[in-house]
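Welcome! Here is a short briefing to help you find your way around a structure you have not met before. Have a look at it first, and then read on.

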Amino acid sequence: MTASTSRPTSRPTSRPTSSVPFLDVASMARWVAHRGPEAVISRLVDALEVDFARWPDLDKRPRIASHSRDGVIELMPTSDDVTYGFKFVNGHPRNPVRGHQTVTAFGVLADVRTGYPTFLAEMTLLTALRTAATSALAARYLARAGSRTLALIGAGSQSEFQALGMRAALGITHLRVWDTDPGAQAKLARHARALGFEVHEATSGEDAVTGADVITTCTADKANATVLTHDMVFRLAHPGVHVNAIGGDCPGKTELDPAILRDAEVFVEFEPQTRVEGEIQQTPDLVVTELWEVVAGRRDGRRGAPAAGGPGEAFARHAGDRHTPDDTTVTVFDSVGFAVEDWAALRFVRDDVPAGLLQQLDLVAEPEDPKDLYSLVLAAQEDDRADARRALDRLMGLAGRGHVEAFAAAPS
């Protein structure tokens with residue numbers, strides 16, 4: 001995909017243009033560095049909170065996933081009545097050994113009224129930011145007040161962002177880090193100390209979760225695994241620990257002992273998707289709460305005002321089935337990533353990023369006559385002929401002079 005300046009046009013300004021703003025990887029990184037990653041995550045939490053509160057008004061569906069033996073490629077769409085958006089994203093756990101990222105992504109926004117794209121952006125960095133912001137939003141409502149210690153199991157690409165998100169939401173000061181890859185663990189410890197965290201480099205998962213107020217699991221293997229056992233959560237961690245499970249995100253890939261889910265209060269993003277992809281694929285009859293219901297005040301979280309109740313299928317389905325978490329209740333956010341989060345993040349970036357960081361892509365075929373698309377081909381053919389004439393003139397030494405003048409000046 002190449003960038004270009006927009007074409008001069010005499011079209012009425014009320015019509016869409018062919019030029020679409022594009023934020024590439026380097027410019028996304030500069031924007032994050034300038035704003036500060038923790039500040040960006042904190043502001044993303046607020047943006048997500050607004051969209052979660054209006055969840056019933058949004059067009060929602062499970063992502064469209066194409067699975068292979070190597071990984072998954074997905075499209076994640078959502079919309080309101082003004083802006084449509086989607087993310088293209090992959091998840092390939094073997095990629096790091098090939099020198100590639102496990103997850104890469106880009107996203108697009110479009111005008112619902114015309115269908116024209118209005119913004120494109122890289123979303124590999126942005127996905128890390130929005131995932132951390134979503135975790136932080138859940139922790140804002142579900143973690144115990146006064147939580148200060150985060151156990152991070154999995155020290156890959158997400159880990160620094162997760163730490164910053166939990167600090168923004170909860171005031172986390174201490175990290176207990178564990179990864180089966182010593183290099184990844186050392187990398188996270190180095191970065192986290194530079195960011196001002198107190199870091200304990202754990203010798204095992206059990207060591208990492210001991211005394212933790214919040215546990216985040218983020219491992220990459222595409223397999224059913226038991227990263228956290230019931231004993232680790234209910235005996236070693238702080239009573240009433242909040243578990244932020246973000247690594248299980250496709251069929252056949254989980255991280256938690258299902259006994260944890262049965263003894264905890266479990267919250268999800270979009271239940272139809274999480275039933276297939278999340279930790280709760282292991283417990284098909286488990287009653288769960290969608291996070292938006294807590295944000296919108298329809299259900300109780302651990303923190304914030306009690307739910308006021310009200311009409312609606314989601315509230316009625318859960319009424320009487322759950323209890324309000326107290327400081328001894330284990331809460332689990334079974335997060336697989338949902339399109340509304342990416343859509344909110346893309347709109348946030350579009351509205352915040354300085355124009356100087358954007359390129360313009362000539363992306364939309366926009367002829368003068370909307371019914372004459374072929375005219376663009378004819379115009380290109382005429383341009384090619386003109387280019388050929390100019391090249392021939394240069395070859396014959398005629399460039400810049402009329403043909404009669406040039407031949408008259410030529411030696412006989």
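Ser-66 stands opposite Ile-73, a residue of strand 3. Strand 3 covers residues 72-79 and runs antiparallel to strand 2, with 4 bridges joining the two. Please keep in mind that this is a predicted model.

**The sheet around these strands**

- Strands 2 and 3 belong to an open sheet of 7 strands, arranged in the order 2-3-4-5-6-1-17.
- The pairing in this sheet is mixed.
- Strand 2 (64-67) and strand 17 (359-362) each have a single partner strand, so one side of each has no neighbour in the sheet.
- On average, neighbouring strands here are turned by 20° against each other, if direction is ignored.
- As general background, the strands of a sheet pair through backbone hydrogen bonds, and they can do so in a parallel or an antiparallel way.

**Ser-335 and its surroundings**

- You will find Ser-335 in the loop that links strand 16 (331-334) to helix 12 (339-352).
- Is Ser-335 buried or exposed? Its relative accessibility is 5%, and buried means under 20%, so Ser-335 counts as buried.
- Leaving aside residues up to four places away in sequence, Ser-335 touches Ala-245, Ile-246, Gly-248 and Glu-269.
- With Glu-269 there is also a polar contact between the two side chains, at 3.0 Å.

**Asp-249, across the chain from Ser-335**

- Asp-249 sits in a loop too, the one between strand 12 (242-245) and strand 13 (254-256).
- How far apart are the C-alpha atoms of Asp-249 and Ser-335? They are separated by 7.5 Å, while the two residues are 86 residues apart along the chain.
- Asp-249 has a relative accessibility of 26%, so this residue counts as partly exposed.
- Not counting residues up to four places away in sequence, Asp-249 touches Arg-63, Glu-277 and Val-336.

**The chain as a whole**

- The secondary structure comes to 14 helices and 17 strands.
- The chain has 412 residues, and 47% of them are buried.
- Among contacts with a separation of 6 or more, 71% are between residues 24 or more positions apart.
- About 18,900 Å² of the chain is exposed, and carbon and sulfur atoms supply 56% of that area.

Methods:
Residues are numbered from 1 along each chain as its sequence is written. This is a predicted model: local features need pLDDT of at least 70, side-chain atom pairs count only at pLDDT 80 or more; totals for chains, interfaces and linings use all residues. Side-chain values use heavy atoms; hydrogens and water are left out. Buried means under 20% relative accessible area, exposed over 50%, partly exposed in between (1.4 Å probe, protein chains only). Contact means heavy atoms within 4.5 Å. Accessible areas come from the Shrake-Rupley method with a 1.4 Å probe; for residues, only the protein chains shown count as cover. Two strands pair if DSSP finds at least two bridges between them. Axes are lines fitted to C-alpha atoms, for helices over the stretch in contact, and angles run from 0 to 180 degrees between N-to-C directions. A polar contact is a pair of N or O atoms within 3.5 Å; within protein, one must be able to donate a hydrogen and the other to accept it, and residues adjacent in sequence count only if both atoms are side-chain atoms.
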